[in-house]
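Trainee: I would like to learn how the words used for a structure are justified. Could we go through some of them together, setting each value against its cut-off?

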Amino acid sequence: GSLLAARDLRKAYGRTPALDGVDFSVHPGEVVAVMGPSGSGKSTLLHCLAGIVRPDSGTVHYDGHVLTAESDARRSALRRSDFGFVFQFGQLVPELTCLENVALPLRLNGVKRKAAETTAREWLARLEVDDVHGKRPGEVSGGQGQRVAVARALAGRPRVLFADEPTGALDSLNGERVMTLLTDAARDTRAAVVLVTHEPRVAAYADREVVVRDGTARELAGTA
Ligand code: ADP
Ligand code: ADP
């Protein structure tokens with residue numbers, strides 16, 4: 001069955017409808033791309049699925065929980081323990097080294113320093129950025145920084161990875177490499193991936209594509 005599922009999500013900002021009755025589901029180990037033009041409601045959908053934004057109506061089910069009915073505190077706790085996030089940029093802590101950045105979520109989840117750093121090293125190696133351990137995010141390239149961000153998101157073994165335009169700031173070669181590493185790692189760990197993008201080239205890495213237009217979603221035929 002699906003790990004994360006939404007039914008009839010509706011959300012408006014004032015008079016602007018962002019979601020107008022959206023259904024969505026993703027299985028463990030499955031990568032689903034959420035496509036659509038700018039302003040179509042993709043980010044709002046991601047934020048509702050991740051429990052960051054509460055929809056006006058509709059429900060989000062995650063692993064036996066009705067996420068939309070949980071308290072803010074409970075949703076935050078689930079987000080920290082079960083979800084990983086990768087954004088377009090600006091997600092690494094500038095004062096910490098790349099290794100410390102990757103280890104940080106593990107430390108916050110109670111993993112001891114040594115074990116957290118060992119895991120962080122393994123993930124940096126897997127994302128093919130072994131040489132940035134002691135550097136701060138400001139001292140590495142955009143492509144390297146994004147690999148560090150993916151390593152950090154996956155090191156905590158999230159059950160759902162939310163990626164919002166994860167390659168938006170990268171050139172196409174780096175973008176393709178990051179997408180390959182991200183989707184391979186997610187499938188290996190059986191993480192479900194919600195991949196928001198407006199680029200067909202990026203969506204091509206997904207198992208399935210959902211198109212959002214004017215706040216409604218439909219499955220793109222022939223991609224399953
Ligand atoms: P996308 O991610 O596809 O670009 P969004 O989900 O960001 O779309 O936005 C959907 C609609 O909701 C747009 O009309 C946008 O202007 C509006 N919107 C999104 N976030 C906010 C907000 N915090 N306040 C007001 N309007 C918002
Ligand atoms: P809280 O402050 O406890 O998080 P809110 O003020 O955000 O609660 O929401 C009030 C009530 O409305 C909550 O008890 C919640 O269960 C319910 N609720 C809000 N949005 C949804 C939704 N999309 N689906 C189901 N229940 C919802």
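Mentor: What follows is a set of questions and answers on a predicted model, taken one region at a time.

Trainee: Why is Thr183 called buried?

Mentor: A residue counts as buried when its relative accessible area is under 20%. Thr183 has a relative accessible area of 2%, and because 2% is under that limit of 20%, Thr183 is called buried. Its place is in helix α6, and, leaving aside residues up to four places away in sequence, Thr183 touches Val31 and Tyr205.

Trainee: What makes the approach of the Thr183 side chain to the backbone oxygen of Thr180 a polar contact?

Mentor: The cut-off for a polar contact is a pair of N or O atoms within 3.5 Å. The side chain of Thr183 reaches the backbone oxygen of Thr180 at 3.4 Å, so the distance is within the limit of 3.5 Å.

Trainee: How do you know that Ala6 is buried, and which residues does Ala6 touch?

Mentor: The reasoning is as before, since Ala6 has 3% relative accessibility and the limit for buried is under 20%, so Ala6 counts as buried. Ala6 lies in strand β1, which covers residues 4-13. Not counting residues up to four places away in sequence, Ala6 touches Val22, Asp23, Phe24, Leu49, Thr59 and Val60.

Trainee: How far apart are Ala6 and Phe85, in sequence and in space?

Mentor: Ala6 and Phe85 are 79 residues apart in sequence, and 19 Å apart in space, taken from C-alpha to C-alpha.

Trainee: What makes a group of residues a nonpolar core, and which members of the largest one touch the most others?

Mentor: The members must be buried residues of the nonpolar kinds, Val and Leu among them, joined through side-chain atoms within 4.5 Å. The largest nonpolar core has 41 residues, and Leu124, Val148 and Leu195 touch the most other members. The elements that give two or more residues to this core include β3 (31-35), α3 (98-108), α4 (113-126) and α5 (142-155), and α5 supplies the largest share, with 7 residues. As a general background, nonpolar side chains tend to be buried together in soluble globular proteins.

Trainee: Which residues does Val148 touch, and what lies apart from this core?

Mentor: Beyond residues up to four places away in sequence, Val148 touches Leu92, Cys98, Val102, Leu124, Val129 and Val132. Apart from the largest core lies another core, of 28 residues, among them Phe24, Tyr62, Phe83 and Val160.

Trainee: Which residues of α3 are buried, and what do they pack against?

Mentor: The buried residues of α3 are Cys98, Leu99, Asn101, Val102, Ala103 and Leu106, and they pack against α4 and α5. Just after α3, Gly110 takes a positive phi of about 95 degrees.

Trainee: Which residues surround ligand 1, and what makes the approach of Lys42 to ligand 1 a polar contact?

Mentor: The residues around ligand 1 include Tyr13, Thr16, Pro37, Gly39, Ser40 and Lys42. An N or O atom in the side chain of Lys42 is 2.9 Å from an oxygen atom of ligand 1, and because the limit is 3.5 Å, this pair is a polar contact. A polar backbone atom of Gly39 is 2.7 Å from an oxygen atom of ligand 1, while for a backbone N or O atom of Ser40 the distance to an oxygen atom of ligand 1 is 3.1 Å. Ligand 1 taken alone exposes 550 Å², and the protein buries 58% of that. The most residues in the shell around ligand 1 come from α1, which gives 3.

Trainee: How do you know that Asp72 makes a polar contact with ligand 2, and which other residues surround ligand 2?

Mentor: An N or O atom in the side chain of Asp72 is 3.3 Å from an oxygen atom of ligand 2, and the pair is therefore within the limit of 3.5 Å. Ligand 2 is also surrounded by residues including Arg54, Pro55, Ser57, Gly58 and Arg75. An oxygen atom of ligand 2 is 2.5 Å from an N or O atom in the side chain of Arg54, and a nitrogen atom of ligand 2 is 2.5 Å from a polar backbone atom of Gly58. The residues of this shell divide into 2 nonpolar, 4 polar and 3 charged.

How values were computed. Residues numbered from 1 in each chain as written. Chains lettered and ligands numbered in written order. Predicted model: local features only at pLDDT ≥ 70, side-chain atom pairs only at ≥ 80, totals over all residues. Heavy atoms only, no water. Buried < 20%, exposed > 50% of the residue type's maximum accessible area, 1.4 Å probe, protein only. Helix = DSSP H or I, 4+ residues; strand = E, 2+ residues; numbered from the N terminus. Contact = heavy atoms within 4.5 Å. Near = heavy atom within 4 Å. Polar contact = N/O pair within 3.5 Å; in protein donor to acceptor, adjacent residues only side chain to side chain. Nonpolar A, V, L, I, M, F, W, Y, C, P; charged D, E, K, R; others polar. Areas by Shrake-Rupley, 256 points an atom, 1.4 Å probe, with all protein chains shown as cover.
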